[in-house]
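Colleague: Please take a close look at one part of this model. I want the packing of one helix pair, with the cut-offs spelled out.

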There are 2 protein chains.
Amino acid sequence: MKKSALQQARAAYQPKLPIVLTGAVKAVEGEPTQSVADQEDIKNLFPNTYGLPELKFEKNTNPAAGKPINVGVILSGGQAPGGHNVISGLFDGIKKIHKESKLYGFLMGPGGFVDHQYMELTGSIIDEYRNTGGFDIIGSGRTKLETKEQFDKGLEILKELNIKALVIIGGDDSNTNAAILAEYYKSIEAGVQVIGCPKTIDGDLKNGLIETSFGFDTATKVYSEVIGNIQRDCNSAKKYWHFIKLMGRSASHIALECALQTQPNICIVSEEIEQKNMTLGDIVDYIAGVVAKRAENGNNFGTVLIPEGLIEFIPAMKKLIAELNDLLAHNAEEFAAAENQRQYIIEHLSAENSAVYASLPEGVARQLSLDRDPHGNVQVSLIETEKLLSEMVGRRLAEMKEEGKFVGKFAALHHFFGYEGRCADPSNFDADYCYALGFNAACLINSGVTGYMSSVRNLTKPSVQWIAGGIPITMMMNMERRHGAMKPVIQKALVRLDDAPFLKFASKRDVWAVDTCYMYPGPIQYFGPAEVCDQPSMTLRYEHQGK
Amino acid sequence: MKKSALQQARAAYQPKLPIVLTGAVKAVEGEPTQSVADQEDIKNLFPNTYGLPELKFEKNTNPAAGKPINVGVILSGGQAPGGHNVISGLFDGIKKIHKESKLYGFLMGPGGFVDHQYMELTGSIIDEYRNTGGFDIIGSGRTKLETKEQFDKGLEILKELNIKALVIIGGDDSNTNAAILAEYYKSIEAGVQVIGCPKTIDGDLKNGLIETSFGFDTATKVYSEVIGNIQRDCNSAKKYWHFIKLMGRSASHIALECALQTQPNICIVSEEIEQKNMTLGDIVDYIAGVVAKRAENGNNFGTVLIPEGLIEFIPAMKKLIAELNDLLAHNAEEFAAAENQRQYIIEHLSAENSAVYASLPEGVARQLSLDRDPHGNVQVSLIETEKLLSEMVGRRLAEMKEEGKFVGKFAALHHFFGYEGRCADPSNFDADYCYALGFNAACLINSGVTGYMSSVRNLTKPSVQWIAGGIPITMMMNMERRHGAMKPVIQKALVRLDDAPFLKFASKRDVWAVDTCYMYPGPIQYFGPAEVCDQPSMTLRYEHQGK
C-alpha cells in the first residue's frame, strides 16, 4: 500500500491514552445497573448479564502477572473514522497483558465470523493502519448476528482459534446483538467474553456514560470543512442558495453539529419538525420566509442544512409513506399496468394522503412510487430531500412574488455529503478516543467481564484526564417493536430539544438566518496548535457545559 | 467576522516571497515577444501593446525613491483559493513603494468598476483576509469588460480616485479583456496601466511563462481529499462504484490532477476522447469493461472520475447538441406543443443524431431538450454526466451478464465536486504564490508597464527561489471564432496528451483499473512537515520533470 505524504507523517502519531491506562489497572465496581426502561422484560431476556455493575478502572499497584489471550474483532456496519485505531489500541492492550496474545480479525463484518473468514492481525499489519481512516484492514459488513445458528457457527471458529473474547465494533444494532451474543455464550458457558465499542458517525449511540460514539467528531469536521467552503463561495458570488443534505440516518446530530460549526442560514432539525407536528408545507414556508427576508436586504444567497432522515420525521409524510407501502404492496400488478401511475396513486390513496402526494414535485413522487427496496418499501434514504425542498421553495417564492411578498431572485444548488467523511483519517480527538476505547476493551477482557461496552469519558478534558471503564450493554436497552414483534434494543439517542446543543442553536438561528454569520472551520489539522487540532465536537462541548 | 480556530492561527502565516522581491528591484527586459499564433492580426489589434519584451525582476542596488500610487483591483469570474492573498500581496507591494499609496477594490467584479462601486482597502481590512479563501473581501462577478463605453465609464472613476493602475485578477477571458483595456487606455493616453493576474481553479490558463493559474493547487487538493475518503470507504464496504464528476469547464486538468493524487480505477480525459473520436458508447464500453474485469477478481467496487466538460468533447454529442440547438431554436412553438417531445426530437433530427439521442437515458434526454439557457442553448454544465454514464454502464453490464461476460454486481453512487474547493483556505503553495503574484504586480506597476500579466515561475522549487517578472498578455493570444466573429483571445490550455502528466497517468491507468491502488491524500495541512504541507500539484511536478 503506497501511502500519501500525510499518512506517512501521521503514522508516527502516538495516540494519547488516559493516564490510568498507562499502567496496570484494576476494575472498581460501581452500583448495580438497570436498563433505561422495561426493566422486567430486559431482565428476563438477559438473566446472566442483566444488572451488572458499572466499572471504572483505577491504578493497580499490585497486579497479577498477565496470561496470553486470543481475541477476535469484528467491524460491523457503516464505516466511521477511527476504527483502525480501536483495533490498534486493542492490539497494544492485549500485547501489554502478554506479548504472546493474539488478535484475529473477522473479514467483511459479522458475516466473516459466521463463515469463518478471518486473518491474524500481526504487529506489522497493525502498523500499516495506525491513525488511518477506513475499515479496510479487515472490511466491514451489515450481516446481523441474531440467530442461535449464527452464534453456534461462530463459536466453532472461536474454539478452533482458542479465542476467549470477541470485540464487536458497531452502532446501536450491532451492540444490541453483542449483548445478546454475550448473554447466549454466558448461558451455555462457552467461555467467551463479548465486548462492544460504540461506533457511528451518526452520533445517536450515547448516554450518560457513553458520551459520544467514535467517528462523529471526524466526519462532522469533514462535512463542516466543505460546508464552510461552500458558504464562503456563496458569500463571494452572492447568487445561489445551497441546499445541503447530510448523512446521519434518523437523528439530526450531524446536521446540528455542522450548523454549530458553520452557522448556516438555515438548519432543519428532524426531531423538532416531529415534535411541532410540522408539515412539508410548513418547512417550505419557513425556508421561503428566510429567503424572502434575506432578499429584502439584497442577499439572494444562503445555505440550508438538511438531515438525511427528515422525510420520516414529517408526520404527514410518514403517514403517506405508510399508506403508499401498503397500497403498492397489495396492488403491485394493477399499479404496474396503470397508464398514468401518478394518477393511479392519487386516486387510490385516502383523501389526506392523496393531497400530500399530489403536492409533491414529479421527481420525488416518482421516487416514492418506483424506487422500492426488495420488501416493497419506499427507500427513504434515496429521496433527494434537498431537491424536493428547493423545488417547493422555488414554487412558493413564485407565489409570494405575485403577492408582492418576495422581491429577489432564487437559484438553488444541491449537495449531499456522507461518503466524504466516513473514512477520513481520524482527527486527533477520534485517534485518541478510538485508541483508548480499544485499549480499554483489552482491560475489560483482562478483568473477565462480558456484555460490557468500552466506556471512555470526561471527553472534553485533555485525553490524559479521560476516565476509563465499562458499562453493561443491557443498561442502555429498552423494548421496541421491530418487524412486528417487541425486541430488546439499545435506545437510539435522537437530538433532545431540551439539551444544550439544540438550545444553543435555537438561540442563534434567527440571527444566522437573516445576517450572514458564516464560519469557515477549514480542514482537519493534525500538526498545529492545540486549539486548532485537539478540540472535540461542539455538541460534546455544549453538552458538557450544560451539565 | 467571527473566525474559526484555524483561521485565527492561519492569519499569522507570513507568505514567503521570492528572494528577489524582498528588496528593491529593477525590471530587466528580455527579447521582444510575439503572440502564440495569428501574429499579424494580433499586432494590428494591439498596436500599442504588441511585441513588448518579457520582463524579469533583478535586485536593484540603486533604487529611486518611490512615490505614492493609487491602484484599483478587480476580482473577475469564478472564485479560486488565494484571491485574498493576491490582494494582500498587492497591498503590501504598493505600501512598500510608498506608505501613502492607496488600494481601491471594485465591488462584485468588473460590474463594480463600470458602475463605480468601490471601497478603499485599508490595512485593517486587508489583515482580516490574509491567507483566507473566498473572494468575499470585495466580491466577484462575471460582467465582461468589452466595450468602449465600459472602458470610458470606468476611466471616470479611475480619474476621480486618481488611480494610475488597475489590477484584474481573472481567467483567460478576463485577462483577454485586461489586454484590450490596456491597449485602449494606452491608445488614448489615459495614463492608467493595466496588469493581469492568472486565476482559475480549472488550470487552463498556463504556458511556458505562466506555469499555473492560482487556485488549481488548493482546489484539486480539496477534491483529492474527499475523493480519497470516498475511495477508502469504497475499499472498506466493497459494494459500490462511485461516479465522481469534477468541475473544470472544458479542460480536464482537475480530473487528471485528482487522478494522479488518488489513483482511481478510471479517469476519463475529455481531450483524449476527442482526439480518439470516441463515442459515448465507446466510453461506456470502456467503463463496463473495467467493471467486469474487477468483478472477475471479486471486486464489485471502484471509482470513476469524470471531467465536467466531457459531453462537449464527445464528437457525436457535440454534433447532436449543435443540431438540437438549431432544431429547437427554429421550431420552438411546434416543439412546445408536441405531445411526446422526446418522440418529436427523434423524428426531426438527422438519422445519425437521432440514433444518438434515442440511446440516451430519459433523464438526460429531458435535460438536453428542456434545460436551455436564455439563448436557447443546451446548458451542458447542468447535464449530470455522472448519472448518464453510470446508467448506461448499468445497461451495458446487464447485456454483458446475459452474454456471460459479466459475473458481478453493479451498484453506483454519484458525486459532483466543485463548490467545495473554490473557496478553501489556500494551501501554503497557493498562499505563497498568490501573495507573490500580487506583490509582483505592484513591482510591474512601479516599473511603468501596461498590458502585462504578473508572472512568477520556477514553482516546483522552494518559494524563495521563485523567479518574478511579467509577460505581455498579447503573447498568449490568438484569433478564435466567438459568437460568429474572429476575436483575439488568450489560447486555452487544454490537457496535452503528449505532456508528462497525461503520459504518467496513461502509463499507470491499466494497473489502477484492475488492481486497487487508491491513494488517500487527506486534508490540506498548514502546520506540519514540509513534505506534507508545501508540495505543489502533481501536474506541475510532472510538467517540470518532463522538461
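Modeller: Here is the helix pair, followed by the sheet and the relation of the chains.

The model is predicted: local features need pLDDT of at least 70, side-chain atom pairs count only at pLDDT 80 or more, and totals for chains, interfaces and linings use all residues. Residues are numbered from 1 along each chain as its sequence is written, chains are lettered from A in the order written, and side-chain values use heavy atoms, without hydrogens and water.

Helix 11 (residues 280-296) of chain A packs on helix 18 (residues 385-402) of chain A at about 65 degrees, axes 9 Å apart. Helices here are DSSP runs of H or I, at least four residues, numbered from the N terminus. Axes are lines fitted to C-alpha atoms over the stretch in contact, and angles run from 0 to 180 degrees between N-to-C directions. The crossing is right-handed (near helix turned clockwise from the far one by less than a right angle).

Contact means heavy atoms within 4.5 Å. Helix 11 of chain A contributes residues including Ile283(A), Asp285(A) and Val291(A). Helix 18 of chain A brings, among them, Leu389(A), Met392(A) and Arg396(A). The contact residues divide into 13 nonpolar, no polar and two charged. Ala, Val, Leu, Ile, Met, Phe, Trp, Tyr, Cys and Pro count as nonpolar; Asp, Glu, Lys and Arg as charged; the others, Gly among them, as polar.

In chain B, four strands form an open parallel sheet, order 9-10-8-11. Strands are DSSP runs of E, at least two residues, and pair with at least two bridges.

Chain B lies on chain A with an RMSD of 0.0 Å after a turn of 180 degrees and a shift of 0.0 Å along the axis (least squares on C-alpha atoms with pLDDT of at least 70 in both). That is the relation of a two-fold axis.
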